[in-house]
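I opened this entry to look up the aromatic rings and their partners. The notes follow the order of the search.

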Amino acid sequence: MEEAAGGAPNPNPNVGRARMGQPAAQPPAKGRELFRGQRKESEGSVDFPTVEFEYGDTDSRGAELAELYSYTEEPELSTNRRCFEEEFCPQARGRQWPELDTAQQRAQILRLLEGLEVVSRERRLRAARAILYLAQGVFGDCESEGDVLHWSRHNSFLLYQLGTFSAFLELLSMEIDNSQACSSALRKPAISLADSTELRVLLSVMYLLVENIRVELETDPPEWKSCRETFRTELSFPMRSDEPFALLLFTMVTKFCSGHAPHFPMKKVLLLLWKVLLFTLGGFEALQMMKPLMKQDSLDIYNERDPFKNDETGVDEEEGDEVDGGIEGELDLMERDALLPTIPAQRPPIERVSFPKGLPWAPKVRQKDIEHFLEASRNKFIGFTLGQDTETLIGLPRPIHESVKTLKQHKYVSISDVQIKNEEELEKCPMSLGEEEVQETPCEVLYRAMLYNLPQYMIALLKILLAAAPTSKAKTDSINILADVLPEEMPITVLQSMKLGIDVNRHKEIIVKSISALLLLLLKHFKLNHIYQFEYVSQHLVFANCIPLILKFFNQNIMSYITAKNSISVLDYPHCTVHELPELTAESLEAGDNNQFCWRNLFSCINLLRILNKLTKWKHSRTMMLVVFKSAPILKRALKVKQAMMQLYVLKLLKIQTKYLGRQWRKSNMKTMSAIYQKVRHRMNDDWAYGNDIDARPWDFQAEECTLRASIEAFNSRRYDKPQDSEFAPVDNCLQSVLGQWLELPEDFHYSYELWLEREVFSQPIRWEELLRYQ
């Protein structure tokens with residue numbers, strides 16, 4: 001790797017142009033055109049339209065419900081309706097479901113729930129399909145898509161209140177443990193939709209209940225709000241078993257990946273798992289609300305007086321960038337600087353004076369940065385250091401005093417730093433500090449339940465992500481994630497083949513979306529709950545090759561992936577339930593929809609970039625993995641997507657490795673360097689552009705991961721491996737007292753006592769010298 005010290009270009013674009021304008025910096029005339037071509041290619045100058053994308057926890061409610069079903073499942077909608085009408089029509093006396101009052105609807109649901117308790121498997125399935133039809137919105141009695149969504153939500157609350165979720169949970173547990181279905185699937189050469197019929201019906205009902213109840217509307221009656229909180233508590237904490245519901249779904253994922261249950265419908269499992277985590281832990285807005293609550297007042301002194309930080313109290317660096325860039329979602333990153341200084345005309349002049357100028361973020365300083373600065377200053381001026389002492393400034397010149405004062409004014413202590421310090425104190429003084437009080441939050445309960453099998457869960461999720469990635473090639477040893485999309489009879493016409501091809505690609509995209517979203521949720525919530533929980537998950541993701549996997553995902557034409565049209569809108573739920581299906585042609589399938597981009601694919605890309613940022617932030621060994629895997633050109637191609645949030649996370653990943661990429665790379669990528677300088681938050685004494693930073697020196701990367709792993713294991717052992725009898729309990733040292741204690745012996749011991757005495761005592765020689773050794 002080229003030495004990065006000295007001679008690096010200034011990230012300021014004007015300075016860069018001035019330097020490159022000097023005669024000595026010009027390439028030879030013969031190679032000038034080649035140099036320009038390389039510059040043009042490296043800057044990614046292809047003009048793509050700006051993407052109008054609004055990032056959030058989920059897509060629209062209709063889109064999220066539509067993605068639950070494959071297009072090959074469409075015939076089952078009419079099957080569900082028929083099963084319901086067979087049970088309902090004899091009792092309804094010519095009336096439709098919307099015409100019944102609530103009491104009558106409850107009576108009908110209770111009658112259907114009784115059908116789930118019969119011995120016949122076929123009758124149970126018919127009852128479950130009838131309930132699924134209710135959860136789908138009784139579309140046979142509706143005239144519009146809005147009516148279907150309304151009755152789907154109304155029925156979901158009714159179903160939950162009458163115990164439907166608990167009943168389906170018992171049925172799901174039975175199906176998971178159904179060894180006959182597993183062995184049957186293992187014997188088949190090809191698995192299709194028919195092998196997972198019961199599981200798909202059960203998971204569909206549970207998903208619809210979770211998704212409909214999870215979303216809160218202002219028009220919800222009070223009983224629905226209390227119902228929502230009860231449901232959240234039921235999903236978060238173990239009720240009838242020793243584990244939360246999410247753990248059952250994680251178990252299904254690992255069982256599928258191990259090959260013991262290849263018929264499990266993984267798309268539905270992953271979608272349900274994601275929505276359960278979103279419901280129980282909370283989305284991104286809930287995370288933002290929890291962070292200032294966890295921050296101590298002593299850490300907010302600077303945030304209260306800094307005009308740049310008025311919206312980011314208690315937020316770590318990554319979240320601070322998001323808050324600062326609140327308008328970024330609708331603006332191209334390269335255009336944002338032109339809009340930030342704009343001040344409305346109606347504001348008084350005094351506000352013009354106080355409006356922050358310059359870069360659109362405030363610099364931050366870590367305690368470690370101050371220590372490094374003072375270490376270098378003391379070595380230079382007085383010839384020795386004082387370790388971590390940041391208060392003693394004797395012998396240092398006045399400008400150093402002013403620099404330290406400025407650094408301390410911008411000092412930022414994150415929640416993670418506080419948690420690490422508290423953990424160190426608990427490790428040093430377990431007796432004096434006593435037992436740690438751990439709050440039983442949904443996140444804490446989930447981590448404790450996942451702890452001992454967490455590596456297997458992460459490996460399984462990454463296996464499925466690899467199989468669903470568009471850049472992956474089919475291998476004989478890879479897992480089959482298409483079991484719940486392939487029909488029993490393969491297509492025989494070109495049109496059927498095209499439809500199935502779109503369905504398969506859509507199926508993979510939805511799997512990538514759900515895995516990327518649930519991994520990001522886990523990382524963010526565990527980081528807030530305790531930094532070592534986050535580090536434990538992160539380290540196992542890294543050990544399972546998550547970093548090269550994400551880079552492999554982005555090593556494609558990312559613009560084509562984001563603008564892919566793997567959907568057939570006329571077949572999407574709920575549209576297909578209330579409209580006549582037009583005749584499909586090859587031309588209409590190729591044309592797709594009229595959307596500028598695919599929401600789920602852009603959502604997945606941003607999630608994966610955020611995961612990669614979280615895995616590599618402040619981890620020099622993992623940053624070097626980005627360099628070793630040659631991520632810079634891959635990430636630069638992703639900058640062609642003109643969406644500010646995505647570009648921001650790409651630039652952050654490029655920023656952390658620029659010091660390792662060498663002087664020539666920085667010189668030939670000045671536009672990217674300028675974008676990093678303008679758009680990404682920096683530390684006050686951050687030397688990212690030059691490579692002179694102490695962190696750019698040779699590093700023992702293996703030791704870094706080992707030290708982190710030791711800290712994680714100490715945390716897990718202290719908090720979760722508590723023995724029944726504490727090691728600090730008083731010990732009885734009196735011989736007479738110990739020998740006088742009554743000891744319960746097994747009954748067979750009396751019969752073999754003499755044999756034991758002969759073998760273990762009399763036949764063993766007494767080694768008196770052993771006693772002398774311990775005197």
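I took two rings of Phe, Tyr or Trp, the last by its six-membered ring, as a pair if their centres lie within 6.5 Å. The model is predicted. With that criterion, I searched the whole structure and found 26 aromatic pairs.

I then looked up the pair of F157 and W224. The centres of F157 and W224 are 4.1 Å apart and the planes differ by 5°. I entered this pair as stacked, because planes under 30 degrees apart count as such. The pair joins distant parts of the chain: F157 belongs to helix α7 (residues 145-161) and W224 to helix α11 (residues 222-236), with the two positions 67 residues apart in numbering.

Are these two residues buried or exposed? F157 has 0% relative accessibility and is therefore buried. W224 has a relative accessible area of 15%, so I noted W224 as buried too.

Next I looked up F553 and Y561, an edge-to-face pair. Here I noted 5.2 Å centre to centre and 85° between the planes. Both F553 and Y561 are buried.

I also followed ring pairs beyond single contacts. They connect F53, Y55, W274, F284, F597, W599 and F603 into a cluster.

Which charged residue sits over the ring of F284? I found the charged end of R610 there, 5.1 Å from the ring centre. A further entry concerns W618: R366 lies over the face of W618, at 3.6 Å from the ring centre.

Technical notes. Residues numbered from 1 in each chain as written. Predicted model: local features only at pLDDT ≥ 70, side-chain atom pairs only at ≥ 80, totals over all residues. Heavy atoms only, no water. Phe/Tyr/Trp six-rings, centres within 6.5 Å; stacked < 30°, edge-to-face > 60°. Helix = DSSP H or I, 4+ residues; strand = E, 2+ residues; numbered from the N terminus. Buried < 20%, exposed > 50% of the residue type's maximum accessible area, 1.4 Å probe, protein only. Lys NZ or Arg CZ within 6 Å of the ring centre and 35° of its normal.
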